Amino acid sequence: KGPRQRLTYKNEHTMASQYYQEMQESFRNNNKSREFPAHTAKVHSVAWSCDGRRLASGSFDKTASVFVLEKDRLVKENNYRGHGDSVDQLCWHPTNPDLFVTASGDKTIRIWDVRTTKCIATVTTKGENINICWSPDGQTIAVGNKDDVVTFIDAKTHRSKAEEQFKFEVNEISWNNDNDMFFLTNGNGCINILSYPELKPIQSINAHPSNCICIKFDPTGKYFATGSADALVSLWDVEELVCVRCFSRLDWPVRTLSFSHDGKMLASASEDHFIDIAEVETGEKLWEVQCDSPTFTVAWHPKRPLLAYACDDKEGKYDNNREAGTVKLFGLPNDS
């Protein structure tokens, strides 16, 4: 058993380094970032539709914007107005590329349809919403507010199905890919896991010594990653619920994470002036994307090595306080 195990590990390692070389080569030729005007204030959240045709952004300016990806640029399609406060997070329907949902501090969530550009539903919730996610089966939307209440909303009837008040600071929320467990990261550095739809506590994992901020599942269902105020990103085995490795190149609290479409790359960002792109299987640095300011949100394209992101940029080069509100795209051909 011993030697054979060693052999598979060696093969995995060789494969990993082959992937490493391929991606290094790819980024050497495609490491251009381009920015696109999106909002009049800072952008909190970016997300791709499941087919990768559109990118949505949500902003402090109370609006959402949708872009269409054309070759190597984002073309603004529409601006979505209606919220009375900052749009803190948004996400797309997992399988329908026309629907997305926004969470706002105005105590509502709104579901939008890009075909009609209209809001098809406004659901009033109890508090100021900061986190939102759509279940993998498309049937439920979960939204978390500043008072640590998570509300589960039926995506068809737009009515609340369940509501949970937690006794700890809830940061980010997510279903696992199988849709039978619900994960929360909390202010005590823990990952709380509930059964779904019963919402019974299964496990609480002490993941980090400080505030556990964000969580993402990889598309293959093998791993999930968490980012913390201790500036570490930890990678967890979904089946075993054990930490497989840590990524420690950032110096500031990890705000945002995203896995590439093949699950082999993990982008993480913070107030550091770069986005770290790591190879998942080895933890090695594949690339870093230079930024001039803190990064709030990153999202890999669902089919290509293109990374959308948004930073806390200012308009002027010298001491200008106006926020730029731009969305950026990394991974474009150098000659584009």
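**Exercise 1. Find how much of the protein chain is buried.**

Solution. Start with the count: of the 336 residues in this chain, 54% are buried. Buried here means under 20% relative accessible area. The model is a predicted one. Next, turn to the surface. The accessible surface of the chain is about 15,400 Å². Carbon and sulfur atoms account for 47% of that surface.

**Exercise 2. Decide whether the radius of gyration fits a compact globule.**

Solution. Take the rule: a compact globule of 336 residues would have a radius of gyration near 20 Å. Then take the chain's value, 19 Å. The two agree. For the outline, use the box: the C-alpha atoms fill roughly 60 × 50 × 35 Å along the principal axes.

**Exercise 3. List the secondary structure, then trace which elements build the largest nonpolar core.**

Solution. The chain has one helix and 28 strands. Its largest nonpolar core holds 18 residues. Those with the most contacts inside this core are Phe27, Met265, Ile275, Ile277, Tyr309 and Phe330. Now assign elements. The helix α1 (2-29) supplies at least two core residues. So do the strands β23 (265-269), β24 (274-279), β25 (285-290), β26 (295-300) and β27 (307-311). Another core, of 16 residues, lies apart from this one, and includes Ala38, Val327, Leu329 and Leu332.

**Exercise 4. Name contacts of Met265 beyond its sequence neighbours.**

Solution. Set aside neighbours within four places in sequence. Among the remaining contacts of Met265 are Tyr19, Met23 and Phe27. Others include Ser258, Phe259, Ile277, Leu286 and Trp300. Now widen the view to the chain. Among contacts between residues at least 6 apart in sequence, 44% join residues at least 24 apart.

Definitions and conventions:
Residues are numbered from 1 along each chain as its sequence is written. This is a predicted model: local features need pLDDT of at least 70, side-chain atom pairs count only at pLDDT 80 or more; totals for chains, interfaces and linings use all residues. Side-chain values use heavy atoms; hydrogens and water are left out. A nonpolar core is a set of buried Ala, Val, Leu, Ile, Met, Phe, Trp, Tyr and Cys residues joined through side-chain atoms within 4.5 Å. Buried means under 20% relative accessible area, exposed over 50%, partly exposed in between (1.4 Å probe, protein chains only). Helices (H or I, at least four residues) and strands (E, at least two) are DSSP runs, numbered from the N terminus. Contact means heavy atoms within 4.5 Å. The radius of gyration is taken over C-alpha atoms; the globule rule is 2.2 Å times the number of residues to the power 0.38. Accessible areas come from the Shrake-Rupley method with a 1.4 Å probe; for residues, only the protein chains shown count as cover.
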